[in-house]
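This briefing covers one protein model, beginning with a single residue and moving outward to its cores and overall composition. Please view the structure alongside the points below.

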Amino acid sequence: MHHLFRLVLGQKDLSRAGDLFSLDDSEIEDSLTEALEQIKIISSSSDYHTNNNDQAVVEICITRITTAIRETESIEKHARALVGLWDSCLEHNLRPPGRDEDTPHAKIASDITSCILQNYNRPPVMALAIPIAVKFLLRGNKELCRNMSNYLSLAAITKADLLADHTELIVRSILQGNTMLLRVLPAVYEKQPQSINGHLTELLALMSQLEQPEQYHLLRLLHVAAERQQPEVVQKCVPFLIGHLKDSAHNDIILNILTEIAGYDPVALHSFLPRLKEIGEGFPYLIGQMARIYGAVGHVDEERARSCLPFLVSQLANMEHSFHHILLLEIKSITDTFSSILGPQSRDIFRMSNSFTAIAKLLTRQLETTKPRSGRGKTSTEIEVPEKLEGTKLTIAENQDHDKLQVKIQAFENIINTESNTPGSIRRYSLGQVSKEEKKDIRFTRSRSLALHTVLTKGLSSDDGELVGSRDIPASISLSEIDPLSQGNDESPFKAGTDRSQLRNSSVSHPSIIHIESENLPETIEDNDQEETPETTPGPAEYHDDLYLHLKENLSKVKAYAVEIKKKIPVPDQCTIEDSVRSCVAKLFFTCSLKGHYCLYSKSSFILISQEPQPWIQVMFLFQQSRFPEPLSIQSHQVQSLRSLWEKTQAGGALSFETAMMESTFLQQKDLDQVQLHLEEVRFFDVFGFSEAAGAWQCFMCNNPERATVVHQDGQPLMEGKLKEKQVRWKFIRRWKTRYFTLAGNQLLFQKGKSKDDPDDSPIELSKVQSVKAVARKRRDRSLPRAFEIFTDSKTYVFKAKDEKNAEEWLQCINVAVAQARERESREVTTYL
């Protein structure tokens, strides 16, 4: 052991303890294990808890040891001795004698915890530390319990297997009020499901007492449990989940769990369908997930299918949401499974109308009139056709021309089915997200329907009476050749008015073909119908792009929402997706739109790293749509770029970009709140603000030009006053020291004393400042309500203002000054280049 350690610990010499910090870390690194063992002996003495000198010596030595371990990265070498000292603390009283007081051994345990917490991702250290860490959970010290919970939560991310043997103790700690540990349970559930299932009812009873993040972890636990398909879990989960479905903060994840359960036990949800219907009518943005649950229950048997279809059909006619494609797929899948519900004309109902409202009306009428089969088979000469909207029916005997045409239509369908190798009447059913194959299939069916529609129209209305050859009709048309953003071209690739005219003509000639009533058409079609447009053959291109159709129906709402959301959330100038340790992150760049003379971000950018890229991509999508008078297409350059970003962030089984934009066109409130909270945390609003006059986000200087002239005066301080600086935390040295600070130019100056006349100390160069933040919320709530931190490349400073308002003023001024320093450097580099 180093002679200085031997002197300080052997003689318990407090006067020499401070000299330990003058030694190089490498010089004492080999002595750390022996020093820790000597500290264990001192702290285990009977009079340690009353001997202030011994406590001070131990506290200083532990601080020096943990610093050396961190700097030399030798935690694995000294882990056994460190954990041994940690374990010895459990033999003594750890309960605090009063508020904001800790026992001597609790302080030792806290210091060691900080060291071990920094090395949570080292398995050899974790293997030694975790069995000791869990013992602290039930020792009655809330601060230690909180620290251990943090450590165990991090350990669960890296090495959950090590926690599995301690699951029972962790659950007991949670039930005693340490709910922070709920985040550990999803990670250990696979290893110890029975230990958790036995307490599941008690854990669910905690829901109303939990904070929102803890509620989320409890729901994650239920999701993991539901995936194991255990009946006893389903029995406990379903009533609980239905009871909390009205909670807007969690109803999406709750529906995901219910959807998971519906995949293997749909009968368990059947009795709760009325409740789901009631909630769905109150929360339209949940209809998409509810449709999948109804679809799963509807596949159990025909009786349940008939009970589920009315809700799905009623929502198909509802224009307050954007899940019509999902509803249509679920309805089609159920009616294909139980063909007797709609009869043989079901294909015509689904394929011949491009209005969801029209399809819903036909389905409602058919469901009301169709009864379960009585057992009498139909003869081969009896052919059912869809009921004409005027109430008439058409049979083969009534129209010989139609008989001939049906033969050619059948030949056309056979050719298409042969080429695609997929019968048109077969639909694969998927409880999860709509697969790309299904979407392609339904688009193909619609295209084929329109092609048949054109055959019927031309075959009966042309002067020479010839039918267009089926092989000349394309099976699908891509929008890649159509530019919906073109503003200079007055000719449209398709004419809505002409299309409706042909639909009307076909309905007159052939009552068996379903047509769209004029009142069911969108307003845009009504307007176009009144315009004089050249008579052109309509192409089915528009109907291949679901995103385009969705935006076309909701264009005014989307644009109005985009205008409002832009005032709350800035749109980044640039976005890149980068891989991180756990997932993808978005790197967002913001600049000032005005770029005035004193602009803070004309050459440089405010860079934000977001762990949640998808809400930002959605914001950029809404902004892009607001810039153009026509709906965006999935083939447009802007959408393709955002789509590629989205695909980089997709987890397994996640929704595609176009599906996500259609199912949730507008940001959910919780996503909006999360984005705004993140902007506040990184102090974005210190340096940027939305200008109502300019209609754009501008930097602080461009928004406040009168302040800019004052700031740029030589020698004129931006702000000055007294702050308290945090010093070392030993008990016998004052923790906070009052100093006088001046923020001017490119530096934060501070004097050694409380007056600005005192001599200067080393200033903080603002160009070296990496970030300036308020003290984290948990620490602020506990003891630092007025504190903030300045992080440089070599040191972290902690300051405390006289009150929270003064702290906010300092934070904004320092952030503005830092941005100004960076901008100055960027301009100098640009000038040099």
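Beyond residues up to four places away in sequence, Thr66 touches Asp111 and Cys115. The model is predicted. Thr66 belongs to helix α5, which spans residues 52-72.

**Thr66**
- The relative accessible area of Thr66 is 13%, so this residue is buried, the cut-off being under 20%.
- A polar contact runs from the side chain of Thr66 to the backbone oxygen of Thr63, at 3.0 Å.

**Nonpolar cores**
- The largest nonpolar core contains 126 residues.
- Within this core, the residues with the most contacts are Trp86, Leu152, Leu185, Leu241, Leu258 and Leu276.
- Helix α5 supplies the largest share of this core, with 8 residues.
- Leu241 touches Leu219, Leu222, Ile254, Ile257, Leu258 and Ile261, leaving aside residues up to four places away in sequence.
- A second core, separate from the largest one, has 49 residues, among them Ile565, Phe590, Tyr601 and Phe606.

**Whole protein**
- The protein has 833 residues, and 49% of them count as buried.
- Its secondary structure consists of 39 helices and 12 strands.
- Taking contacts between residues at least 6 apart in sequence, 66% join residues at least 24 apart.
- The exposed area of the protein is about 40400 Å², of which carbon and sulfur atoms supply 47%.

Methods
Residues numbered from 1 in each chain as written. Predicted model: local features only at pLDDT ≥ 70, side-chain atom pairs only at ≥ 80, totals over all residues. Heavy atoms only, no water. Helix = DSSP H or I, 4+ residues; strand = E, 2+ residues; numbered from the N terminus. Buried < 20%, exposed > 50% of the residue type's maximum accessible area, 1.4 Å probe, protein only. Contact = heavy atoms within 4.5 Å. Areas by Shrake-Rupley, 256 points an atom, 1.4 Å probe, with all protein chains shown as cover. Polar contact = N/O pair within 3.5 Å; in protein donor to acceptor, adjacent residues only side chain to side chain. Core = buried A, V, L, I, M, F, W, Y, C linked by side-chain atoms within 4.5 Å.
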